[in-house]
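Colleague: Could you pull up the model, so that we can talk through it?
Modeller: Here it is.

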Number of protein chains: 2
Amino acid sequence: MAEFFHPSRDDITLTGVLGALGDQTRLAIVRRLALAEQGLNCSRAAAFPDVPKSTLSNHFRMLREAGVVRMVKRGVENINTVRREDLDARFPGLLDSILAAATAAEGPIPLAERADGAA
Amino acid sequence: MAEFFHPSRDDITLTGVLGALGDQTRLAIVRRLALAEQGLNCSRAAAFPDVPKSTLSNHFRMLREAGVVRMVKRGVENINTVRREDLDARFPGLLDSILAAATAAEGPIPLAERADGAA
DNA sequence: ACGGAAGTTCGAAATTACCGAACTATTGGA
DNA sequence: TCCAATAGTTCGGTAATTTCGAACTTCCGT
């Protein structure tokens with residue numbers, strides 16, 4: 001399969017980003033990715049037992065096409081990272097304020113859901 | 001008609017707010033409302049000739065139910081204001097960073113679209 | 001080559017958004 | 001008081017989007 005499509009930095013739109021993050025599942029994914037240093041595959045970034053994987057695949061595609069997440073194939077898995085530099089360059093402070101708001105309103109990501117595998 | 005439903009401050013959700021603002025029309029409405037000192041009726045806040053009024057009515061309802069906008073009946077019109085205090089209390093800095101990102105990425109609201117009637 | 005792991009794609013069903021038409025409520029004027 | 005205009009809402013059908021199970025593809029280890 002060919003590489004994934006990613007919008008260039010200047011093609012990232014504010015409403016696109018807000019819409020992508022305006023969903024519980026996708027926001028949770030991005031929160032986990034933001035915690036991870038080196039990127040996470042889809043299964044680790046989105047370990048929600050109740051959400052079918054086809055739905056999760058769609059969520060990752062939405063995040064990618066909105067310019068929030070970069071996806072790179074590595075073997076059998078896709079490594080996802082938050083496009084922090086691009087987002088910070090285009091919308092300074094936005095991502096941090098959203099992540100801070102998520103933490104303030106909903107608390108830190110529970111340990112059981114931590115992507116780094118820490119117990 | 002009864003009063004409009006508004007979520008209490010603590011019932012405002014982050015994904016609700018982001019979803020409400022993740023739309024060109026609704027973000028433009030909120031940008032205008034944020035500029036206005038004393039609130040605007042729907043027609044002034046959303047002077048988009050190409051958007052039907054039933055659609056605009058739905059947009060205002062979404063903004064209201066997400067907790068972004070407060071609506072008060074005054075005579076034949078509804079006065080809309082951004083719920084700035086509630087939003088700032090619940091998600092400090094979020095609204096400002098979104099408005100700043102909108103201005104940075106799309107520029108200031110054009111004079112012809114200014115809600116204060118200034119030429 | 002086989003089997004498992006990780007995701008994607010497809011298609012149908014469910015949900016949601018859009019918009020024209022009709023309706024309600026309020027105000028100002030004849 | 002009655003009429004018309006203004007400002008929005010509601011309703012109903014259609015269009016667009018989202019969801020999700022099943023089948024498929026790709027890659028890696030054995």
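Colleague: What is the surface near DNA strand C like by class?
Modeller: That surface has 6 nonpolar, 10 polar and 2 charged residues, where near means that a heavy atom of the residue lies within 4 Å of the strand, and where Ala, Val, Leu, Ile, Met, Phe, Trp, Tyr, Cys and Pro count as nonpolar, Asp, Glu, Lys and Arg as charged, and the others, Gly among them, as polar. Please keep in mind that this is a predicted model, in which local features need pLDDT of at least 70 and side-chain atom pairs count only at pLDDT 80 or more, while totals for chains, interfaces and linings use all residues. Residues are numbered from 1 along each chain as its sequence is written, chains are lettered from A and ligands numbered from 1 in the order in which they are written, and side-chain values use heavy atoms, with hydrogens and water left out.

Colleague: Which residues come nearest to DNA strand C?
Modeller: Of the 18 residues around the strand, N41(A), C42(A), S43(A), K53(A) and S57(A) come nearest.

Colleague: And what do the side chains of K53(A) and S57(A) approach?
Modeller: An N or O atom in the side chain of K53(A) is 2.8 Å from a base oxygen of DNA strand C, whereas for S57(A) the partner is a phosphate oxygen of that strand, at 2.4 Å. From the other chain, the side chain of T55(B) has an N or O atom 3.3 Å from a phosphate oxygen of DNA strand C.

Colleague: Which element gives the most to that surface?
Modeller: That is α4(B), with 4 residues, helices (H or I, at least four residues) and strands (E, at least two) being DSSP runs numbered from the N terminus.

Colleague: Changing topic, how much area do chain A and chain B bury between them?
Modeller: They bury about 1500 Å², 74% of it on carbon and sulfur atoms, counted as the accessible area (1.4 Å probe) that two parts lose on being put together, summed over both. L14(A), T15(A) and L18(A) supply 34% of the area that chain A buries against chain B, more than any other three residues.

Colleague: How many salt bridges are there between the chains?
Modeller: The count is 0, taking a salt bridge as a side-chain nitrogen of Lys or Arg within 4 Å of a carboxyl oxygen of Asp or Glu.

Colleague: How are the two copies related?
Modeller: A rotation of 180° with 0.0 Å of shift along its axis superposes chain A on chain B, with RMSD 0.0 Å, fitted by least squares on the C-alpha atoms of residues with pLDDT of at least 70 in both. The copies are thus related as by a two-fold rotation axis.

How values were computed:
Polar contact = N/O pair within 3.5 Å; in protein donor to acceptor, adjacent residues only side chain to side chain.
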